[in-house]
Amino acid sequence: MLFHYDIAILGGGPAGSAVALSLRKLAPELSIVIIESSAYDRQRIGETLPPTVQPLLKQLGVWESFLAEAHLPAYGTCAAWGSEQLENNEFLYSQHGRGWHLDRKRFDAMLAREAERRGVVLLTSSTLTHSKRIGDEWNLAVRAERTFPSTKSHEENTKTEKDESAFLREPSCDFVENSFSISAKFVVDATGKTAVFATRHGARKQLFDQLLGAFVFFNCDAADTFTMVEACEDGWWYSALLPEAGMVAAWMSDADVTKQRNVKDPACWFGQLQKTTHTKRRLLPAEPLNVPALHAAASHRLDRFTGDGWLATGDAATSFDPLSSQGVLKALRTGVLAAYAVCDFFKGDLSGLQKYEQIIAREFDAYLKTRAEVYGQEQRWPNSPFWERRRSEYRL
């Protein structure tokens with residue numbers, strides 16, 4: 001079966017949903033489908049969202065829905081960076097007030113739900129298996145883990161938001177088989193660090209480091225809500241409260257270092273923890289809930305962010321060091337920028353895609369400069385391979 005849409009968004013995380021929400025405001029006549037691989041039921045590593053996200057969420061029209069989710073408040077960050085002393089940076093001094101410890105699973109689902117409510121078709125548990133350019137459209141082969149009610153015609157899908165949002169919930173519809181095809185005039189790659197679509201169609205990923213995080217979740221009652229960062233000889237530590245009780249802690253280092261230290265072994269991970277000062281003290285009463293789980297955290301960018309009828313956004317386009325705490329914020333912001341470029345495309349103006357390329361490239365260059373300056377502040381371990389690599393970048 002073949003279904004027709006103006007825009008297919010691959011990935012229903014913050015970036016993909018931000019594109020969809022923005023497009024519904026800018027060009028409500030365009031039909032949009034989000035193809036999301038999960039059902040928003042998998043564990044997602046949370047993030048401390050800074051107060052500066054408020055204007056973006058208001059622009060997307062989801063501020064009240066976000067507040068209703070009641071994410072855990074975060075009142076600042078503290079860091080032992082450049083010295084052993086722990087220094088605080090309180091959100092109290094921000095004009096936007098406090099930040100939040102995100103429950104990423106709930107946050108991502110809320111954004112997708114809001115997009116669906118505005119008329120975007122949401123296909124969850126669905127994976128792109130093949131994509132091909134045919135004429136001036138993309139043909140996307142999709143495999144779903146469950147069946148969906150079949151769509152109406154393209155014209156019927158664009159009549160009203162009510163009609164479109166009812167698409168996935170109407171029980172009397174015929175059901176689509178688990179494998180089907182979608183044709184789209186434009187594709188947005190919001191598949192995260194994998195950049196599945198863009199890399200299949202000529203874009204190349206450029207890596208700037210080997211950063212890897214070894215995460216462990218804990219069951220504990222913490223008295224403070226600060227996100228903590230502590231530098232150590234072979235990298236740095238991150239710890240933060242979880243929205244539904246407990247805490248997460250991660251040792252961040254380069255892939256070769258973590259392999260050498262065998263941090264997948266809980267005994268080795270906790271051996272590294274014992275070398276810290278503040279993080280060790282914070283986790284002292286905590287009970288670990290899992291063995292260390294490794295997650296790639298390298299900084300990367302694509303060599304190009306747009307192509308023939310497509311663009312990449314969010315982490316698919318560029319990925320920042322988690323030290324920046326810019327992951328979700330960047331995803332939302334670049335999603336909004338992408339929507340403007342897509343609108344220009346449908347008006348026959350390709351300059352929007354060129355401007356998008358330039359903006360994302362400039363943003364990444366500025367990020368690399370800031371990243372080098374921040375890592376350059378830590379001078380305590382002159383013989384550490386991890387820090388020597390960062391100092392070399394800073395000297396450049």
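What follows is a chat about how the labels on this predicted model are earned.

Colleague: Before the labels, what are the ground rules for this model?

Modeller: The model is predicted, so local features need pLDDT of at least 70 and side-chain atom pairs count only at pLDDT 80 or more, while totals for chains, interfaces and linings use all residues. Residues are numbered from 1 along each chain as its sequence is written, and side-chain values use heavy atoms, with hydrogens and water left out.

Colleague: Okay, why is the pair of Phe320 and Tyr367 called stacked?

Modeller: Rings of Phe, Tyr and Trp (its six-membered ring) pair if their centres lie within 6.5 Å; planes under 30 degrees apart are stacked, over 60 edge-to-face, and the rest tilted. Here the centres are 4.0 Å apart and the planes sit at 5°, so stacked it is. The two rings come from distant parts of the chain, 47 residues apart: Phe320 in the loop between β24 and α11, Tyr367 in helix α12. Helices (H or I, at least four residues) and strands (E, at least two) are DSSP runs, numbered from the N terminus.

Colleague: Are Phe320 and Tyr367 buried or exposed?

Modeller: Buried means under 20% relative accessible area, exposed over 50%, partly exposed in between (1.4 Å probe, protein chains only). Phe320 has 11%, so Phe320 is buried, and Tyr367 at 8% is therefore buried too.

Colleague: What lies over the face of Phe320?

Modeller: Lys330, at 5.1 Å from the ring centre. The rule asks for NZ of Lys or CZ of Arg within 6 Å of the ring centre and within 35 degrees of the ring normal. Arg390 is likewise over the face of Tyr375, at 5.4 Å.

Colleague: And what makes Cys268 partly exposed, when Cys78 is buried?

Modeller: Cys268 has a relative accessible area of 24%, so Cys268 falls in the partly exposed band; Cys78, at 6%, counts as buried.

Colleague: How many disulfides does a search of the whole structure find?

Modeller: Zero. A hit would need a pair of cysteine sulfur atoms within 2.5 Å.

Colleague: Last one: which strands are the edges of the open sheet β14-β21-β24?

Modeller: β14 (205–207) and β24 (318–319), because each pairs on one side only. Two strands pair if DSSP finds at least two bridges between them; β14 and β21 have three and run antiparallel. One partnership in there is Gln206 with Arg301 of β21.
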